[in-house]
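The following paragraphs walk through a single protein model, moving from its internal cavities to its sheet and then to some backbone details. Please keep the sequence and the coordinates at hand.

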Amino acid sequence: MMVLYKKIKIDGLDIFFREAGHPGNPPIILLHGFPSSSHMFRDLIPLLEDRFHVIAPDYPGFGNSSMPAAQDYPYTFENLSLVMEKLIAKLGISRYILYVHDYGGPVGFRLAVRNPHRILGFVIQNAVADVRGLGQPFDLFKALWADRNPATEAAFSELVTFDFTKKQYLTGVCQPYLISPDGYSMDQFFLDRPGNSEIQLELGYDYRKNVEEYPAWKQYLRTYQPPALIAWGKNDFIFTLEGAYAFSRELHHIETCFLCGGHFVLEEQSRHVSELIKSFFGRK
């Protein structure tokens, strides 16, 4: 098999996705984080395709999907999740495993809350449903939420600079020679497109609604008990270890693995993560 690169029209937008594996295999939907795209899964996808039907989309405004201007499209996590839901439906996928990272958490948990019986389980890589999981960079988010003004917007814009993008990839890594510059260079290429900083600002402001939804997401986890593999870059400075531990308070069928690495732990641990996924879901 091989990785296929496709686009599909959703609500007038071209939504890009990577696809691999036999459609008869269990589907796994890979939901990327900020400021990345499905490119963050480039090493993981070929390692999963023998056992899973792998779909890795780019959200509107990210990667190779359409990027309407912020004034023309309401960039909210609710809308991103609705586009992903329609994509999955158009592909004829009725039940699936969700792999969520960073921004993929708010997208994926919304999918799960709306359609709990479609979820076969979760792989959670540095994504949270508990306010204690929000690390120091979220101080810039919180200032924006408390008082959105030119000063807090300007401070937030630090998060779309090349220095911060590179910091997300390099902070806390255990094998620095495995970290390809392709990851942060690709992300910054998309961030630097005219109008994209406004898109990221809108999503940063909307993130406050994710925090408001945390109790509902926890209630979903307690009620439906989806099997969950926590594959966590233990040196992440964006989402804390407390965010990982929090899932164990809600779930019974859970395996928590702290991996040596940072926020983008797949850059050095894709093979390990693929083996964890195969082992965990092979037992379910």
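Which helix gives the most to the lining of the second largest cavity? Some conventions come before the reply. The model is predicted, so local features need pLDDT of at least 70 and side-chain atom pairs count only at pLDDT 80 or more, while totals for chains, interfaces and linings use all residues. Residues are numbered from 1 along each chain as its sequence is written, and side-chain values use heavy atoms, with hydrogens and water left out.

The contributor in question is helix 7, with 3 residues. Helices (H or I, at least four residues) and strands (E, at least two) are DSSP runs, numbered from the N terminus. A cavity is a set of points, on a 1 Å grid over the protein atoms alone, where a 1.4 Å probe fits but cannot get out, and lining residues have an atom within 4 Å of a point. Grid points are joined across faces, edges and corners, and a volume is the space filled by probe spheres set on the points.

Searching the whole structure gives 2 cavities of 30 Å³ or more. The second largest has a volume of about 40 Å³. Helix 7 (181-191) and helix 8 (196-224) each supply at least two residues of its lining, which includes Pro35, Gly61, Phe62, Asp187, Arg193 and Gln200. By class this lining divides into 4 nonpolar, 5 polar and 2 charged residues; here Ala, Val, Leu, Ile, Met, Phe, Trp, Tyr, Cys and Pro count as nonpolar, Asp, Glu, Lys and Arg as charged, and the others, Gly among them, as polar.

The largest cavity holds about 90 Å³ of space. Its lining has 9 nonpolar, 1 polar and 1 charged residues, among them Phe34, Asp102, Tyr103, Phe138, Phe164 and Gln168. Helix 4 (138-146) and helix 6 (162-170) each supply at least two residues of that lining.

Phe34, from the lining of the largest cavity, and Pro35, from that of the second largest, are joined by a cis peptide bond with omega of about -5°. Pro35 lies in the loop between strand 3 and helix 1 (45-48).

Next comes the sheet. It is open and mixed, with 8 strands in the order 1-2-4-3-5-6-7-8; two strands pair if DSSP finds at least two bridges between them. Strand 1 (4-10) and strand 8 (254-259) are at the edges with a single partner strand each, so one side of each has no neighbour in the sheet. From one strand to the next the twist averages 20°.

Strand 3 (residues 27-31) runs parallel to strand 5 (residues 96-101), paired over 4 bridges, and Ile28 stands opposite Ile97 of strand 5. Helix 3 (residues 104-114) packs on the sheet and touches strand 3, strand 5 and strand 6 (119-125), its direction making about 150° with that of strand 5. Contact means heavy atoms within 4.5 Å; axes are lines fitted to C-alpha atoms, for helices over the stretch in contact, and angles run from 0 to 180 degrees between N-to-C directions.

Towards the other edge, strand 7 (residues 228-233) and strand 8 are parallel over 6 bridges, with Gly233 opposite Leu259 of strand 8. Between these strands the chain passes through helix 9 (residues 241-248) in a right-handed β-α-β crossover, that is, with the strands pointing away from the viewer, the path from the first strand over the helix to the second runs clockwise.

Strand 1 and strand 2 (residues 13-20) are antiparallel over 7 bridges, and Ile10 stands opposite Leu13 in strand 2. Their hairpin has 2 residues between the strands, and Asp11 there takes a positive phi near 50°. Asn126, in the loop between strand 6 and helix 4, also has a positive phi, of about 50°, although it is not a glycine.

How values were computed:
1 Å grid on protein atoms, 1.4 Å probe; cavity = no way out; pocket = protein on both sides within 12 Å on 5 of 7 lines; lining within 4 Å.
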